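Hello,

Here is the structure I promised to pass on. My notes on its aromatic rings follow below it.

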Amino acid sequence: MFDTIIQSATIVDGTGSDPYQADLGLVDDRIVAIGNIPPVAGGQVVHGRGKWLTPGFIDVHTHMDGWLLKTPLIESKLRQGFTTEVIMSDGISYAPVSKANAHQWILYLRALNALEQCDYRGWESIPEYMELLEGRNAQNVLTQIPYANVRVQTQGWTAAPLDDFQQVELNLRLEKAMAEGACGLSTGLDYIAQCFATTEELRSACEPIAAAGGLYATHVRYKKGTLQGVQEAVELGRQTGVKVHVSHLKGNSSAERATRFWSTYRQWLCKT
């Protein structure tokens with residue numbers, strides 16, 4: 001017996017196979033059967049003909065870090081099919097922080113996220129922040145390591161380059177965060193603190209991410225130029241072996257400029 005049967009839906013199962021029509025049977029919150037299921041085999045019957053049934057979508061670039069803590073149900077995301085949020089994007093978030101700079105981070109993020117100064121509860125590490133999200137929201141959550149936060153923990157807010165000892169310390173922080181469950185490193189190279197990072201500093205930081213099989217997700221250095229920013233990201237992947245994901249690309253004001261950009265980029269890629 002099933003608690004719920006969804007009949008005659010068009011199923012996209014996430015395996016890469018073609019969509020197909022079938023019934024789906026659930027017991028509690030688990031899918032236990034997919035196929036031809038007679039309605040007498042269960043309780044509630046949901047008619048799915050003409051509708052699509054898919055696994056939950058993953059939002060790989062989201063700034064829901066604070067909203068997930070404050071809102072038990074983010075209905076706007078669920079109604080779009082998103083059930084998993086990958087947070088701490090663009091190299092900026094609410095962790096890691098120190099008790100000395102946590103309120104500065106909340107101030108900086110005020111226009112992007114949800115937290116107010118009174119929401120700070122003393123967390124410092126990424127696991128401590130993720131623990132606050134556990135069971136608090138209907139969404140599943142996966143974290144990246146926000147580079148600016150880690151750099152500030154190591155160097156402070158200054159524009160000074162990392163010395164050798166600081167680079168080692170930063171990389172150890174990244175190794176630890178990956179071991180604690182992060183999926184990769186995020187950067188936003190036009191934003192606070194991380195905008196001072198050199199390409200060589202980033203190359204070194206990508207090494208422990210690559211060793212852990214993680215992803216380097218980047219808001220590229222647009223102030224350097226869109227093409228040059230993308231080239232920097234590609235080179236980091238080539239030199240370290242880290243998987244690279246360009247989070248978003250700035251649009252050009254005309255189709256002609258966009259075509260010229262991609263033509264130049266392909267030529268550069270073929271040459272290198």
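**Aromatic rings in the model**

Trp123 is buried, with a relative accessibility of 4%. Please keep in mind that this is a predicted model. Tyr129 counts as buried too, at 0% relative accessibility.

How many aromatic pairs does the model hold? The count comes to six. One of them joins Phe57 and Phe82, whose rings meet edge-to-face, with 6.0 Å from centre to centre and 75° between the planes. Phe57 belongs to strand 6 (residues 57-59) and Phe82 to strand 7 (residues 82-87), so this pair ties together parts that are 25 residues apart in sequence.

Is each of these two rings' residues buried or exposed? Phe57 is partly exposed, at 37% relative accessibility. Phe82 has a relative accessible area of 18% and is buried, because the cut-off for that label is under 20%.

Phe82 has a charged contact as well: the charged end of Lys77 sits over the ring of Phe82, 5.2 Å from the ring centre.

Now back to the residue I began with. Trp123 and Tyr129 form an edge-to-face aromatic pair, at 5.0 Å centre to centre and with 65° between the planes. Which residues do ring pairs link into a cluster? They are Tyr94, Tyr120, Trp123 and Tyr129.

When you open the model, you could start with Trp123 and Tyr129, both of them buried, and then turn to Phe82 with Lys77 over its ring.

Best wishes

Technical notes: Residues are numbered from 1 along each chain as its sequence is written. This is a predicted model: local features need pLDDT of at least 70, side-chain atom pairs count only at pLDDT 80 or more; totals for chains, interfaces and linings use all residues. Side-chain values use heavy atoms; hydrogens and water are left out. Rings of Phe, Tyr and Trp (its six-membered ring) pair if their centres lie within 6.5 Å; planes under 30 degrees apart count as stacked, over 60 as edge-to-face and the rest as tilted. Helices (H or I, at least four residues) and strands (E, at least two) are DSSP runs, numbered from the N terminus. Buried means under 20% relative accessible area, exposed over 50%, partly exposed in between (1.4 Å probe, protein chains only). A charge sits over a ring if NZ of Lys or CZ of Arg is within 6 Å of the ring centre and within 35 degrees of the ring normal.
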